[in-house]
Amino acid sequence: MNRVDIERACTRLSLSYARLVDTANFESFSMLFCDDGILDLPGRYMAGRKAIVETLSQRPRDVRIMHVFSNILIENIQDDRCSGIAYLTAYRQNAPGVGEHEPVKIEGPSTVGYYEDEFEFHCGTWLFRKRKLNAVFYI
């Protein structure tokens with residue numbers, strides 16, 4: 001696999017991360033990680049797919065969240081490992097009683113920061129080995 005293909009695959013992994021966590025598809029979301037992959041969020045450290053699903057499934061159903069990624073940079077590329085960074089702007093709002101497709105008023109982003117990523121090529125696909133969120137601003 002060449003450098004461009006690896007960058008594209010790892011960038012797509014970040015974009016899939018956003019879509020799956022925002023739609024609360026936690027089983028599919030966990031499959032973006034190695035079996036023993038780590039998701040390290042402020043106040044929540046999850047090791048392994050099972051822990052990721054169990055922890056994220058505790059999120060209240062009436063919370064709307066949207067992850068917006070930018071400035072994705074993949075570097076230190078080797079045959080089966082690489083690292084990266086992805087800037088995050090996250091919007092989060094409680095929306096009790098609001099229909100799933102109705103817009104919800106918010107004041108601004110709930111978190112702005114960046115993810116530090118470690119990727120691994122495993123069984124023909126790129127996965128997160130570790131993803132750590134570093135919050136810079138939050139509400």
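# Rings, cysteines and strands

Mentor: Y17, F29, F33, F69, Y115, F119 and F128 form one aromatic cluster. The model is predicted: local features need pLDDT of at least 70 and side-chain atom pairs count only at pLDDT 80 or more, while totals for chains, interfaces and linings use all residues. Residues are numbered from 1 along each chain as its sequence is written, and side-chain values use heavy atoms, with hydrogens and water left out.

Trainee: How many aromatic pairs does the structure hold?

Mentor: Rings of Phe, Tyr and Trp (its six-membered ring) pair if their centres lie within 6.5 Å. Planes under 30 degrees apart count as stacked, over 60 as edge-to-face, and the rest as tilted. The number of aromatic pairs in the structure is 10.

Trainee: Are the rings of F69 and Y115 stacked or tilted?

Mentor: The ring centres of F69 and Y115 are 5.6 Å apart. Their planes meet at 55 degrees, so the pair is tilted.

Trainee: In which strands do F69 and Y115 lie?

Mentor: The two residues are 46 residues apart, so "distant parts of the chain" is the right phrase for what the pair links. Strands (E, at least two residues) and helices (H or I, at least four) are DSSP runs, numbered from the N terminus. F69 is in strand β3, and Y115 is in strand β5.

Trainee: Are F69 and Y115 buried or exposed?

Mentor: Buried means under 20% relative accessible area, exposed over 50%, and partly exposed in between (1.4 Å probe, protein chains only). By that rule, F69 and Y115 are both buried.

Trainee: Which residue lies over the face of Y115?

Mentor: A charge sits over a ring if NZ of Lys or CZ of Arg is within 6 Å of the ring centre and within 35 degrees of the ring normal. Over Y17, R131 lies at 4.4 Å from the ring centre. Over Y115, at 4.1 Å from the ring centre, the residue is again R131.

Trainee: How many bridges join β4 to β5?

Mentor: Two strands pair if DSSP finds at least two bridges between them. Strand β3 (residues 63–75) runs antiparallel to β4 (residues 81–94), and 11 bridges join them; there, I74 stands opposite G84. Strand β5 (residues 111–122) also runs antiparallel to β4. The number of bridges that join β4 to β5 is 10.

Trainee: What is the bridge partner of C82 in β5?

Mentor: C82 counts as buried, at 6% relative accessibility. Its bridge partner in β5 is a member of the aromatic cluster, F119.

Trainee: How many disulfides does the structure hold?

Mentor: A disulfide is a pair of cysteine sulfur atoms within 2.5 Å. The cysteine sulfur closest to that of C82 is in C10, 3.7 Å away, which is too far for a bond. C123 is in no disulfide either, as the nearest cysteine sulfur, that of C34, is 9.4 Å away. The number of disulfides is zero.

Trainee: What phi does C123 take?

Mentor: C123 is in the loop between β5 and β6 (125–138) and counts as exposed, at 75% relative accessibility. Most residues other than glycine have a negative phi. C123 is not a glycine, yet its phi is positive, at about 50 degrees.

Trainee: Which residue with a positive phi follows α1?

Mentor: This residue is found in the loop between α1 and α2 (26–30). At 31% relative accessibility it counts as partly exposed. Its phi is about 60 degrees although it is not a glycine. The residue is A24.

Trainee: What distance does α1 reach from its first C-alpha to its last?

Mentor: Helix α1 (residues 3–22) has 20 residues, and the expected span of a helix is 1.5 Å times one less than its number of residues. That expectation is 28 Å for α1. The helix reaches a distance close to it, 29 Å.

Trainee: Which residue has a side chain joined to that of H67 by a polar contact?

Mentor: A polar contact is a pair of N or O atoms within 3.5 Å; within protein, one must be able to donate a hydrogen and the other to accept it, and residues adjacent in sequence count only if both atoms are side-chain atoms. H67 lies in strand β3 and counts as buried, at 12% relative accessibility. The partner is among the buried residues of α1. The contact is 2.5 Å, and the partner is D22.
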